[in-house]
Amino acid sequence: MADEKPPFASIDDEKFTPRSTTTTPDPSQTADDALLAFQGHENDESLSVSPADNARLLRRIDLHLMPLLCIVYGLNYLDKTTLSYASVMGIRKDINLKGDDYQWLSSMFYFGYLAWEYPTNRLLQRLPLAKYSAFCVMMWGLVLCCMAATKNYGGALAVRFFLGVFEAAVTPGFALFTSQWYTTAEQGKRVGIWFSFNGWGQILGGLVAYAIAVGVRVHGAVIDPWKIVFLVTGLLTAFMGTLFLLFMPDNQLNARWLSPLDRRRCVARVRGNQQGIGNRHFKSYQLKEALIDPLTWAFAFYACASDIPNGGISNFFSQLIVSFGYTPEQSLLYGTPGGAVEVVALVACGYLGDRYRNRILISMGGLVISILGMILIVALPLHNNGGRLAGYYLTQTAPTPFVALLSLISSNVAGYTKKTTVAAVYLISYCAGNII
């Protein structure tokens, strides 16, 4: 499937020229922010973007946006999988988990995510994008810190539910940032890069958890090591949320690091997307288009089906490595190469997908490799610890098609209400798959 704009995409008044007033309300009341930015500058030749200007602006955008998007997205993965590290550091015994309690505790994150996914997408459209996203980042960091204070199963369930609620904004929000600032030809690689920080989060989390576990064993500590892990990662996330609030603009028009002329030029360089840069008005016809569009449900089906194994691997990978014959401390360290595999797979597929303009076909390579990894885990003899561990590493290429479809939602679905609705359906299906 090539990355062409599908004929079903609704662009309507998200374009830079308004529709006839005989069919729409006053454009000043419903128009996209990009349209308002060009009012009074329609014939301004200074807004033309030369190749040199385009390259200069792209470098500035990458420099100011990508570090924040990447680091926060890495923490997003680290925070929701911190429970996996804690599972081999004593949490099961300390809060008296029995039977299927740990499985339900893992799934509760996705129940919160699922319950709040559509409301948070509406809020992403209705509220200033960067400010609402920053609020959610700070809140999920503080909620994660509360995990260190849990004394029983019920308290842990509540924390995991609200962690899912606040993390529900990050993936659709970051897809909106990408569609706002980058041309369709640039988006696939950028989505691959910031999503690849899931892998960096796994690397950082494993190293931090291992260092804490060894340090506590050698030197002792006032509180349990798994509680230290939650506090360190939660406080780091809240700090990054504060930086996100201070430095991430809602769109091009309030970016403090751009001159007024460059702000309009940044809007001009993405005019070819025909998607605008933000519209806070809910449009029921776009909601209907999203819900009757067969591609919406094709995307949803893949998200659900492909993420059925993801829930188990993400929340049980430390225990999985222990089952291969390694110690709990070794499992923390040996999980980190899986993150490196994910980084390489996502960046490579994002780059090649944009270069050859076929993101889905190229991303299928990662899915094939992950299936091979799962076969190694299941088929190799139980005593072949190294081979089964290598199989686990190969499974970490599995997210490549999921990210490719996410980037297509960012670049190919026009109309802000439709885009947020399709993203919500996609991520709700992702949650359903993880729960199953």
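Reader: How many cavities of 30 Å³ or more does the count come to?

Author: The structure shown above is a predicted model. A cavity is a space where the probe fits but cannot get out. Counted in this way, the cavities of 30 Å³ or more come to four.

Reader: Which helix gives the most to the lining of the second largest cavity?

Author: The second largest cavity holds about 80 Å³ of space. Among the residues that line this cavity are Gly188, Cys349, Arg359 and Ser407. H9, H16, H17 and H19 each supply at least two residues of the lining. With four residues, the helix that gives the most is H19.

Reader: Into how many nonpolar, polar and charged residues does the lining of the second largest cavity divide?

Author: Glycine is counted as polar here, and the lining includes Gly188, Gly192 and Gly350. Arg counts as charged, and Arg359 is one of the lining residues. The division is four nonpolar, six polar and one charged.

Reader: Which residues that line the largest pocket are the closest to its centre?

Author: The largest pocket contains about 550 Å³ of space. Helices that each supply at least two residues of its lining include H3 (51-87), H13 (294-306) and H14 (308-323). By class, the lining has 17 nonpolar, nine polar and three charged residues. Of the 29 lining residues, the closest to the centre are Ser306, Asp307, Asn310, Ala398 and Pro399.

Reader: How do H5 and H20 run, roughly parallel or roughly antiparallel?

Author: Two packed helices are described by the angle between their axes and the distance between the axes. Helix H5 (residues 101-126) packs against H20 with the axes 9 Å apart and at an angle of about 180 degrees. Because angles over 145 degrees count as roughly antiparallel, H5 is, relative to H20, roughly antiparallel.

Reader: How many residues of the contact of H5 with H20 are nonpolar?

Author: The residues of this contact fall into three classes. One is charged and seven are polar. The number of nonpolar residues is 14.

Reader: How many aromatic pairs does the count come to, and what angle lies between the planes of Phe174 and Phe244?

Author: The count comes to 26 aromatic pairs. Phe174 and Phe244 form one that is stacked, with 5.9 Å from centre to centre. The pair links distant parts of the chain, as Phe174 lies in helix H8 (residues 170-181) and Phe244 in helix H10 (residues 225-247), 70 residues apart. The angle between the planes is 5 degrees.

Reader: Why does Phe174 count as buried?

Author: Buried means under 20% relative accessible area. Phe244 meets this cut-off with a relative accessible area of 0%. Phe174 counts as buried because its relative accessibility is 1%.

Reader: In which helices do Phe402 and Tyr426 lie?

Author: Phe402 and Tyr426 form a stacked aromatic pair, 4.9 Å centre to centre and with 20 degrees between the planes. Both residues are buried. The pair links distant parts of the chain, 24 residues apart. Phe402 lies in helix H19 (residues 400-412) and Tyr426 in helix H20 (residues 416-435).

Reader: Where does Arg357 lie, and what is its relative accessible area?

Author: Most residues other than glycine have a negative phi. Arg357 has a positive phi of about 55 degrees although it is not a glycine. Arg357 is in the loop between helix H16 (336-356) and H17. Arg357 is partly exposed, with a relative accessible area of 46%.

Key
Residues are numbered from 1 along each chain as its sequence is written. This is a predicted model: local features need pLDDT of at least 70, side-chain atom pairs count only at pLDDT 80 or more; totals for chains, interfaces and linings use all residues. Side-chain values use heavy atoms; hydrogens and water are left out. Rings of Phe, Tyr and Trp (its six-membered ring) pair if their centres lie within 6.5 Å; planes under 30 degrees apart count as stacked, over 60 as edge-to-face and the rest as tilted. Buried means under 20% relative accessible area, exposed over 50%, partly exposed in between (1.4 Å probe, protein chains only). Axes are lines fitted to C-alpha atoms, for helices over the stretch in contact, and angles run from 0 to 180 degrees between N-to-C directions. Angles under 35 degrees count as roughly parallel, over 145 as roughly antiparallel, 65 to 115 as roughly perpendicular and the rest as oblique. On a 1 Å grid over the protein atoms alone, a cavity is a set of points where a 1.4 Å probe fits but cannot get out, and a pocket is an open set with protein on both sides within 12 Å along at least five of seven lines; lining residues have an atom within 4 Å of a point. Grid points are joined across faces, edges and corners, and a volume is the space filled by probe spheres set on the points.
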